[in-house]
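Subject: The structure for you to look at

Hi there,

Here is the structure I promised to pass on to you. Have a look at it first, and then read on for what turned up in it.

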Amino acid sequence: MAKSKKAQGLEELAAQIRVCTRCPLHESRTLAVPGDGKFSAKVMIIGEAPGKEEDESGHPFVGSAGRFLNHVLEGTGLDRNDFFITNTVKCRPPKNRTPKKLEVDTCTSNYLFEQIALLNPKLIMLLGTVAAKKVLGVKSINEARGRVILHEGRKYLVGYHPAVRFYREDLGEKVKEDFALLKREVKKVKR
Ligand code: URA
């Protein structure tokens with residue numbers, strides 16, 4: 001069967017991401033991480049940037065943050081396969097530092113916004129400040145979490161990044177609350 005335009009577009013974009021040299025992050029990466037998931041997914045999850053294990057494998061959220069993501073998703077009865085999972089920036093920043101403005105702007109204008117347009121998900125969950133600031137312009141996670149935000153005809157949720165609990169144990173419960181809201185909203189879009 002002929003591939004859909006959407007699948008073709010997303011695969012082409014992933015191929016471009018894998019060989020991208022548009023920002024300095026390409027110099028230190030092992031593998032770029034375009035994203036994983038079904039092209040028919042109605043829900044997208046967007047994190048910050050690949051870490052060490054993601055850089056080595058080419059897949060998003062497979063390291064410790066990914067294991068916690070799987071754990072909170074399990075608690076909601078949702079499965080990773082229900083989502084298309086990617087990051088704001090597709091290459092690992094050295095020593096996992098926060099991506100710089102130029103890196104975020106370059107990567108999102110060339111890739112992330114195009115991935116969103118092609119996938120056309122009904123719901124997007126933004127994990128962490130980098131994703132939430134760039135996509136919605138929100139100043140803090142606290143200001144934006146806990147509610148559905150309508151933006152350019154799409155529903156968005158903002159949540160703490162799952163890795164936050166490695167240095168702020170007290171926020172572990174809030175991460176769980178964020179995923180409980182995701183579960184309620186996923187049920188609505190899957191109908
Ligand atoms: N943190 C992220 O934001 N993304 C990953 O893929 C892994 C860790």
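In strand β6, Lys-155 is the bridge partner of Leu-150. This is a predicted model, so please keep that in mind as you read. β5 and β6 run antiparallel and are joined by three bridges. Together these two strands form a hairpin, with two residues between them. Look at Glu-152 in that turn: its phi is positive, at about 45 degrees.

β6 also pairs with β4, this time in parallel and through five bridges. One pair to find here is Met-125 with its partner Leu-157 in β6. Is β6 enclosed or open to the outside? Five of its six residues are buried, so β6 is largely enclosed by the rest of the structure.

Now step back to the whole sheet. It is open, has six strands in the order β1-β3-β2-β4-β6-β5, and its pairing is mixed. Which strands stand at the edges? They are β1 (36-37) and β5 (149-151); each has a single partner strand, so one side of each is left without a neighbour in the sheet.

Helix α5 (residues 101-119) packs on this sheet and touches β2, β3, β4 (123-127) and β6 (154-159). The direction of α5 makes about 170 degrees with that of β2. Another helix to find is α6 (residues 129-136), which lies across β2, β4, β5 and β6 and runs at about 130 degrees to β4.

Next, strands β2 (residues 43-47) and β3 (residues 83-87): they run parallel, with five bridges joining them. Within this pair, Ile-46 stands opposite Thr-86 in β3. Thr-86 deserves a moment of your time. With a relative accessibility of 0%, Thr-86 counts as buried, because the cut-off for that word is under 20%. Its side chain reaches the backbone oxygen of Pro-34 at a distance of 2.8 Å. Leaving out residues up to four places away in sequence, Thr-86 touches several others, including Val-33, Met-44, Phe-61, Leu-112 and Gln-115.

Phe-179 is a second buried residue to pick out, with a relative accessible area of 0%. You will find Phe-179 in helix α8 (residues 172-190). What does Phe-179 contact, apart from its neighbours within four places in sequence? The answer is Leu-69, Val-72, Leu-73, Thr-76, Met-125 and Leu-127. Met-125 is the residue you met above as the partner of Leu-157. For a sense of distance, the C-alpha atoms of Phe-179 and Phe-39 are separated by 22 Å, and these two residues are 140 places apart along the chain.

Finally, the ligand. The residues around it are Gly-47, Glu-48, Ala-49, Glu-54, Pro-60, Phe-61, Ala-65, Asn-87 and His-161. Phe-61 is also among the residues that Thr-86 touches. Here are the polar atom pairs to look up:

- A polar backbone atom of Glu-48 is 2.7 Å from an oxygen atom of the ligand.
- A nitrogen atom of the ligand lies 3.1 Å from a backbone N or O atom of Ala-49.
- A polar side-chain atom of His-161 is 2.7 Å from an oxygen atom of the ligand.

How much of the ligand does the protein bury? Taken alone, the ligand exposes 230 Å², and the protein buries 92% of that.

Enjoy exploring, and write back with any questions.

Best wishes

Methods: Residues numbered from 1 in each chain as written. Predicted model: local features only at pLDDT ≥ 70, side-chain atom pairs only at ≥ 80, totals over all residues. Heavy atoms only, no water. Pairing = 2+ DSSP bridges. Helix = DSSP H or I, 4+ residues; strand = E, 2+ residues; numbered from the N terminus. Contact = heavy atoms within 4.5 Å. Axes fitted to C-alpha atoms, helices over the stretch in contact; angles between N-to-C directions. Near = heavy atom within 4 Å. Polar contact = N/O pair within 3.5 Å; in protein donor to acceptor, adjacent residues only side chain to side chain. Areas by Shrake-Rupley, 256 points an atom, 1.4 Å probe, with all protein chains shown as cover. Buried < 20%, exposed > 50% of the residue type's maximum accessible area, 1.4 Å probe, protein only.
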